[in-house]
Amino acid sequence: MSTLLETSGLTAFYGDFQALYGVDTTLAEGETVAVIGANGAGKSTLMRSIAGSVRQAPEMIRLNGTPIGHLSADRVNGVGVTLVPEGRRLFPSLTVEENLLIGGWRSARSGPWTLEEVYRLFPVLKDRRGNPAMALSGGQQQMVAIGRALMSNPKVLLCDEISLGLAPVVIRDIYAAVPSILERGASLIIVEQNIEQALGIADRVYCLMEGRITLEGRPGEIDRAAMHDAYFGVQA
Amino acid sequence: MIWVDTVVQGILLGGLYALFAAGLSLVFGIMRVVNLAHGDLIVMAAYLILVLVTALNLSPLIALLLAAPLMFAVGWLLQQLVLNRTVGEDVLPPLLVTFGLSVVIQNALLEGFNADSRRIGAGSLEIASFSVGPITIGVMPALTFATAILVTLALQLIFYRTALGRAFRATSDDPDTASLMGIRPGNIFAVATGLGMVVATIAALYLGMRANFDPTIGPARLIYAFEAVIIGGMGSLWGTLIGGIVIGVAQTVGAAIDPEWQILSGHLAFLVILLVRPRGLFPAGGR
């Protein structure tokens with residue numbers, strides 16, 4: 001498998017506060033990588049850096065070997081990396097369908113995802129297509145947020161805390177969409193606080209603590225005690 | 001019967017104020033930015049039309065068709081080069097910059113065209129009229145009003161029926177998330193300001209054909225536009241049209257009671273509505 005996306009020595013600052021200290025990660029074509037860690041570990045900052053919301057030095061992030069760290073968020077979307085932001089961030093003035101269509105704003109990159117395909121993935125959205133996005137339940141809103149990102153036909157889909165605040169049965173519905181997304185050619189980076197969920201779906205897992213990668217491995221090979229240490233930074 | 005006539009004339013006058021306000025309303029609805037130079041940009045567009053009419057001997061309507069894309073470019077560049085640097089959480093920088101711009105435009109026009117008042121000639125159209133029952137209606141006010149409705153309708157369609165309108169609304173909701181979706185907010189803002197200037201150019205045509213103008217009248221027109229936007233509810237396009245009509249009717253009714261009251265009664269109507277409905281008649285979000 002060839003490397004699709006990589007971060008090397010990625011640092012991030014909010015004013016004087018340093019959120020990331022030299023984070024090295026890779027994502028191979030067709031792979032699903034999970035990033036786990038406690039609150040404030042830097043997971044969202046990592047996602048926002050890759051997505052271009054936090055600008056970086058060009059070489060810190062590469063897509064197919066091309067430096068993209070310096071690109072603005074709209075350009076990063078244009079080269080095929082799309083973020084499902086934490087907290088969904090749907091557009092309240094837009095209907096469900098309009099939210100989805102905004103995701104396909106850049107029609108330059110065509111691909112498997114169309115309005116019809118998104119409705120096939122999440123049939124419930126088709127019934128609610130004319131509703132204001134904010135009138136939907138939390139789980140349905142999350143489906144809109146994922147569908148909206150898919151409409152840009154991303155090579156890399158970044159999912160930031162897509163299970164946050166949702167009931168287990170709803171989380172299962174949403175994660176049931178992951179195989180279809182992979183099948184259609186996207187690679188995934190999933191940020192999760194829910195460790196079981198992350199281990200269940202990912203090919204590889206990174207554990208992030210206080211802005212550093214503390215553990216990396218395949219779900220089956222990671223020792224639980226080591227993960228506990230990597231997550232909390234204390235001995236179990 | 002004289003009262004019916006007064007109200008009808010007021011409604012038609014409201015069309016002119018609605019045209020002044022429509023561009024302002026559009027830009028405010030998308031960027032939450034108040035452009036204090038809007039009135040001066042209308043006057044600038046009026047001079048542009050005047051130059052095209054006199055220098056190239058064009059009819060006012062053809063001049064409008066030439067001036068509109070030029071003013072779109074002015075708005076686009078103004079937003080890209082100047083105003084995009086000021087939009088953000090703080091509302092003060094755009095106010096200060098556009099206030100300064102207002103002074104600059106007035107003085108540049110004064111330098112280029114001197115202080116004489118001018119007018120865009122519209123030939124026989126200026127005095128043409130027709131009768132509806134006992135009421136006589138000027139062709140020019142009727143055209144103004146019809147244009148105001150068409151402009152509002154067109155903006156409404158762009159806003160709610162096109163991909164550009166979706167991008168306008170999404171960017172207005174949340175520019176950061178819009179950029180994650182591949183939209184460049186600065187470009188969307190520039191298109192919005194350009195569109196606002198196209199509407200301002202249409203307003204300028206009627207301003208210039210209906211009355212005399214000189215380089216300094218922009219701010220006075222801006223006040224009516226402001227009042228129309230606020231009466232209608234910030235960010236509501238149809239509300240702005242209604243707001244213009246409210247001011248127009250208040251002015252003609254005030255003038256019918258005593259000619260000295262014309263301007264004052266328009267402002268009083270504005271204050272009364274501000275007291276009763278502080279968020280305007282059709283606040284955005286109540287759509």
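**Helix packing and chain contacts in a predicted two-chain model**

Helices H1(B) and H8(B) are roughly antiparallel to each other, because the angle between them is over 145 degrees. Their axes cross at roughly 170 degrees and come within 8 Å. In this pairing, H1(B) covers residues 2-31 and H8(B) covers residues 185-210 of chain B. The model is a predicted one, and every value given here is computed from it.

A good way to follow this helix pair in the viewer is to go through the residues that make the contact. On the H1(B) side these are Leu16(B), Leu19(B), Phe20(B), Ala22(B), Gly23(B), Leu26(B), Val27(B), Ile30(B) and Met31(B). H8(B) answers with a list that includes Phe189(B), Ala192(B), Thr193(B), Leu195(B), Gly196(B) and Met197(B). Further along H8(B), the contributors include Val199(B), Ala200(B), Ile202(B), Ala203(B), Tyr206(B) and Arg210(B). Sorted by class, the contact comprises 17 nonpolar, 3 polar and 1 charged residues. The spacing of such lists is easier to read with a general point in mind: an α-helix has 3.6 residues a turn, so residues three or four places apart point the same way.

The helix pair belongs to a chain with 11 helices and 2 strands. Read from the N terminus, chain B runs α-α-α-α-β-β-α-α-α-α-α-α-α, with the two strands following the opening four helices. Its C-alpha trace spans about 60 × 50 × 35 Å along the principal axes. For 287 residues, a compact globule would be expected to have a radius of gyration near 19 Å, and the 19 Å of chain B agrees with this. Half of the chain is covered, in that 50% of the 287 residues count as buried. Contacts between residues at least 6 apart in sequence are largely long-range in chain B, with 75% of them joining residues at least 24 apart.

Another helix of chain B, H2(B), also deserves a look. It takes in residues 38-55, and its 18 residues should span 26 Å at 1.5 Å a residue; the end C-alpha atoms lie 25 Å apart, in agreement with that expectation. H2(B) is mostly covered, as 15 of its 18 residues are buried. After the helix comes Asn57(B), which has a positive phi near 55 degrees. Leu52(B) sits within helix H2 of chain B and counts as buried because it has 21 C-beta neighbours inside 10 Å, where 20 or more are needed. Beyond residues up to four places away in sequence, Leu52(B) touches Leu58(B), Ala63(B), Leu66(B) and Ala67(B). By contrast with these contacts, Val151(B) is 99 residues away from Leu52(B) in sequence and 23 Å away in space, C-alpha to C-alpha.

Chain A has its own mix of elements, with 10 helices and 10 strands. Its C-alpha atoms fill a box of roughly 50 × 40 × 35 Å along the principal axes. The radius of gyration of chain A is 17 Å, in agreement with the value near 18 Å for a compact globule of 236 residues. Of those 236 residues, 47% are buried. Among contacts in chain A with a separation of 6 or more, 66% come from residues 24 or more positions apart.

The two chains meet through 22 residues of chain A and 15 residues of chain B. On the chain A side, helix H2 (73-79) and helix H3 (96-103) are the elements that each give two or more residues. By class, this side has 10 nonpolar, 7 polar and 5 charged residues.

Two residues of chain A round out the picture. Ser93(A) lies in the loop between strand E6 (81-84) and H3 of chain A, and its 23 C-beta neighbours inside 10 Å make it buried. Apart from neighbours within four places in sequence, Ser93(A) is in contact with Arg169(B), Ser172(B) and Asp173(B). Val76(A), in helix H2 of chain A, is likewise buried, with 28 C-beta neighbours inside 10 Å. With the neighbours within four places in sequence set aside, Val76(A) is in contact with Ala51(A), Gly52(A), Ile68(A), Leu71(A) and Val81(A).

Technical notes:
Residues are numbered from 1 along each chain as its sequence is written. Chains are lettered from A and ligands numbered from 1 in the order in which they are written. This is a predicted model: local features need pLDDT of at least 70, side-chain atom pairs count only at pLDDT 80 or more; totals for chains, interfaces and linings use all residues. The expected span of a helix is 1.5 Å times one less than its number of residues. A residue is buried if 20 or more other C-beta atoms lie within 10 Å of its own, exposed if 12 or fewer, and partly exposed in between; C-beta atoms are placed from the backbone. The radius of gyration is taken over C-alpha atoms; the globule rule is 2.2 Å times the number of residues to the power 0.38. Two residues are in contact if their C-beta atoms, placed from the backbone, lie within 7 Å. Axes are lines fitted to C-alpha atoms, for helices over the stretch in contact, and angles run from 0 to 180 degrees between N-to-C directions. Angles under 35 degrees count as roughly parallel, over 145 as roughly antiparallel, 65 to 115 as roughly perpendicular and the rest as oblique. Ala, Val, Leu, Ile, Met, Phe, Trp, Tyr, Cys and Pro count as nonpolar, Asp, Glu, Lys and Arg as charged, and the others, Gly among them, as polar.
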